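This report is meant for someone meeting the structure for the first time. Please look over the sequence and the model before reading on.

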Amino acid sequence: MAIFKGAGVALITPMKDNYEVNYDKLDEILEEQIANETDSIIICGTTGESATMTEQEHLDVIKFAIERVNHRIPVIAGTGSNCTATAVQLSKEAAEAGADGLLLVTPYYNKATQNGLIAHYTTIAQEAKAPIILYNVPSRTGCSIQPATVAHLVKNVENIVGIKEASGDIGNVAQIMHLCDGNVDLYSGNDDQVVPLLSLGGIGVISVLSNVAPTYVHDMVYKYLSGSTTEACQMQLKALPLCDALFCEVNPIPVKAAMNMLGKECGPLRAPLTELEPQHKEQLKKAMQEFGIL
């Protein structure tokens, strides 16, 4: 059975003005997401600024989310690293804390070979007893999981069950589904390509947009899955200007600005991320207004 179907939110991490994690605000945001039909919480991913957290902070935030969500919906922990030993340790601790799944980005910077990726993911899967979703986002990591590698891992490692595909290459996604015989849980990693990936056999999205429009993204996915494909397509197209605005600068700069525009008081970004440029802030504000959330 899939860890989740529908819309999982790639959750931001709210910060205090002194850049500490704001746990009170995180608690509020988790409750709002659950109340607005989000199907899964993805904690400490890219959008959650995990790259600037210490390992202890990373685990503390994961454990906090698991405790607060309390089995109401699945919690998937981002525990990837470019160091296999670090990824193993984070993944084991997250699994032991009760994470329903793990999201593991490809090793960044040192750029493993395909055989290296197989060894990396197999080692983590053997140590961390939780379902694993691979995360392919070569624009950020400089490292792509080839379709044949995905198929090898899914067919040979029992707890590698899914992939978040954010390559933007629909042909690549089609090859993954072909080589896996459709037996992999496919999630879109791009908010502007949710419906196209669903059409190839996907079961959901891990979404930045869900931070600001959780019910909308949930409904779009479920309309498609229930057969209302025309309506789902219309929703996808309507969301495109807002999706573009949410990525007008590197994620999560725009989405955190959007949350603050909505009065969520999610605080600043940790360096080296900087606040949204004024011209992009106007673009984002306009897109939010036209979408009807501001």
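Is Lys-164 buried or exposed? In this model, which is predicted, Lys-164 has a relative accessibility of 6%, and because buried means under 20% relative accessible area, Lys-164 counts as buried.

**The annotated pair**

Lys-164 does not stand alone in the record, since the UniProt annotation "active site", taken from an unreviewed entry, covers Tyr-135 and Lys-164. The two span 30 residues in sequence, yet their C-alpha atoms are no more than 4.7 Å apart, so they gather at one spot. Both Tyr-135 and Lys-164 also belong to the lining of the largest pocket. The table sets the two residues side by side.

| Residue | Strand | Relative accessible area |
|---|---|---|
| Tyr-135 | strand 5 (residues 132-136) | 7%, buried |
| Lys-164 | strand 6 (residues 160-165) | 6%, buried |

The surroundings of each residue can be described through its contacts, leaving aside neighbours within four places in sequence. For Tyr-135, these contacts include Thr-46, Leu-103, Leu-104, Thr-106 and Tyr-121, and Lys-164 is also among them. Lys-164, for its part, touches Tyr-135 together with Ile-133, Leu-134 and Asn-136, and its contacts also include Tyr-187, Ser-188, Gly-189 and Ile-206. Leu-103 appears in the contacts of Tyr-135 and likewise in those of Lys-164.

**Strand 2 and its partners**

Another part of the model can be read by starting from strand 2, which comprises residues 40-43. In a regular strand the side chains alternate between the two faces of the sheet. Strand 2 is covered on both faces, with Ser-40 and Ile-42 buried on one side and Ile-41 and Ile-43 buried on the other.

Which strands pair with strand 2? Strand 1 (residues 6-10) runs parallel to strand 2 and is joined to it by three bridges, and within this pairing Val-9 stands opposite Ile-41. Strand 3 (residues 75-78) is likewise parallel to strand 2 and linked to it by three bridges, with Ala-77 of strand 3 as the bridge partner of Ile-43.

Helices complete the description of these connections. Helix 1 (residues 23-35) forms a right-handed β-α-β unit with strand 1 and strand 2, while helix 2 (residues 55-69) forms a right-handed β-α-β unit with strand 2 and strand 3. Strand 2 therefore takes part in both units, as a member of the one with helix 1 and of the one with helix 2.

Definitions and conventions:
Residues numbered from 1 in each chain as written. Predicted model: local features only at pLDDT ≥ 70, side-chain atom pairs only at ≥ 80, totals over all residues. Heavy atoms only, no water. UniProt positions renumbered as here; feature names shortened; annotations may be inferred. 1 Å grid on protein atoms, 1.4 Å probe; cavity = no way out; pocket = protein on both sides within 12 Å on 5 of 7 lines; lining within 4 Å. Helix = DSSP H or I, 4+ residues; strand = E, 2+ residues; numbered from the N terminus. Buried < 20%, exposed > 50% of the residue type's maximum accessible area, 1.4 Å probe, protein only. Contact = heavy atoms within 4.5 Å. Pairing = 2+ DSSP bridges.
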